[in-house]
Amino acid sequence: MKRSRSVGASSPLNGIGKQDGDSRRKRKLAEISQALNVTPVDVAVLRRMAISEGGLLTDEIRCKVWPRLLNVPTDILPEKPGMPDEQREGLQEELIDIILRVLGRNTQLHYYQGYHDIVVTFLLVLGERLATALVEKLSTHHLRDFMDPTMDNTKHILNYLMPIIERVNPEVHDFMQQAEVGTIFALSWLITWFGHVLSDFRHVVRLYDFFLACHPLMPIYFAAVIVQYREDEVLDCECDMASVHHLLSQIPQDLPYETLISRAGDLFVQFPPSELAREAAQQYSQQMAASTFKDFDLTPEHQRPNTVLRRRRREKQALKGAAAGAMVATAQPTAARRFVRLAVMGLTVALGAAALTLVNTALEWAPKLDLHLFP
């Protein structure tokens, strides 16, 4: 893939870009601070900040915002679990302590291979006590279906992947169906929130900002946009299961994360889980915890993820309409074609309306994996 040549350090454009970036960062920090300091805390703004470009910016901010996104009170945290510090062997002992504490307090949950990838991310960002509280909430909500005794619900969630791809790119969908590749290539992406497959921790926490602010099925939408982004590679691949699986199971480390996050949000708005449920259904009587997502029902309507995403979409569409109107006077045919193209492509670069709807209906699921399905 060709990359555009970066602007040299001496270029005036470089300074302008940096100044603009610094200005946007300061505005975002101010909005986050204001949202945290009002009573009650403005969760809708915090969701929007977590979803929008750059996410929550720093781990210090994540320590304050992630608990709010999961509705975890921080005034009463669990006591520090495990043996005394002098008898412990660092991070690994802390990780084991958190996992054992969460599973011990919630006997309906079952450990699965990959769970530790999520737990260690929270541990590194939040520290042991806060991580324990958030991991417990996450395990009984977003991850719940992965922590069942069987993989039935995990497989069911994976079944949402192909219907999304079919709506976005029928050619890629048909190619994958012909290759009989299935969806197992995305298993480790889904159950570790991509923590197992991304080497840069900054990208991992950026995705966690996004997923925590959204519906628990958002990781499967993000998996779909990765496949879509790699359309040319997929279609150039040999049309057999082994070749396509090998290609897709290796995630490039230089993905345009902000663009993909925006696109995933847009797809959620355009093709919500309720629209895909019939196609994804695997067991007629099975009900996923994700489908019983009740936590957001207890929050004010304007703070719910879906409301935030839809409002953002309306604002973006209004901006597009205003921009198109301004161009009509000088280049009406060109502007019209450009506006239609943007509408069809759907808010790819800025952060779609998706960011608004994803946040409104998600917090319960998870099955167990004893099989060594990924390294």
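Q: In this predicted model, is Leu124 buried, partly exposed or exposed?
A: The class depends on relative accessible area, where buried means under 20% and exposed means over 50%. Leu124 has a relative accessible area of 47%. That value lies in between the two cut-offs, so Leu124 is partly exposed.

Q: Which residues make a nonpolar surface patch with Leu124?
A: Leu124 sits in helix α5, which covers residues 115–126. Membership of a patch needs over 30% relative accessible area, and Leu124 has 47%. The patch is about 250 Å² and joins Leu124 to Leu91 and Phe201.

Q: Is Arg62, in helix α3, buried or exposed?
A: Helix α3 runs over residues 59–69 and holds Arg62. Residues that Arg62 touches, leaving out those up to four places away in sequence, include Leu56, Val125, Val205 and Asp209. Its relative accessibility is 5%, and because buried means under 20%, Arg62 counts as buried.

Q: Which helix gives the most residues to the largest nonpolar core?
A: The largest nonpolar core has 97 residues, and Trp66, Phe122, Met176, Phe194, Tyr221 and Phe222 touch the most other members. With nine residues, the helix that gives the most to this core is the one spanning 218–229, α12.

Q: From which domains does this core draw at least three residues each?
A: In soluble globular proteins, nonpolar side chains tend to be buried together. Here the core draws at least three residues from each of domain 1 (26–76 + 88–144) and domain 2 (150–295).

Q: Which residues does Phe222 touch, not counting residues up to four places away in sequence?
A: Phe222 is one of the core residues that touch the most other members. With residues up to four places away in sequence left out, Phe222 touches Phe194, Leu207, Phe211, Tyr257, Leu260, Ile261 and Ala264.

Q: What is the form of the peptide bond from Thr39 to Pro40?
A: Pro40 belongs to the loop between α1 (12–37) and α2 (43–51). Omega for the bond from Thr39 is near -5°, and the bond is cis.

Q: Is Glu180 buried or exposed?
A: Glu180 is in the loop between α9 (170–179) and α10 (187–191). Although it is not a glycine, Glu180 has a positive phi of about 55°. Its relative accessibility is 64%, and since exposed means over 50%, Glu180 counts as exposed.

Q: Is Trp193 buried or exposed?
A: Trp193 lies in the loop between α10 and α11 (201–212). Its phi is positive, near 55°, in a residue other than glycine. With 1% relative accessibility, which is under 20%, Trp193 counts as buried.

Terms used: Residues numbered from 1 in each chain as written. Predicted model: local features only at pLDDT ≥ 70, side-chain atom pairs only at ≥ 80, totals over all residues. Heavy atoms only, no water. Patch = residues over 30% accessible without salt bridge, like charges linked within 9 Å, V, L, I, M, F, W, Y side chains within 5 Å. Areas by Shrake-Rupley, 256 points an atom, 1.4 Å probe, with all protein chains shown as cover. Salt bridge = Lys/Arg side-chain N within 4 Å of Asp/Glu carboxyl O. Helix = DSSP H or I, 4+ residues; strand = E, 2+ residues; numbered from the N terminus. Buried < 20%, exposed > 50% of the residue type's maximum accessible area, 1.4 Å probe, protein only. Contact = heavy atoms within 4.5 Å. Core = buried A, V, L, I, M, F, W, Y, C linked by side-chain atoms within 4.5 Å. Domains from an automatic or database assignment.
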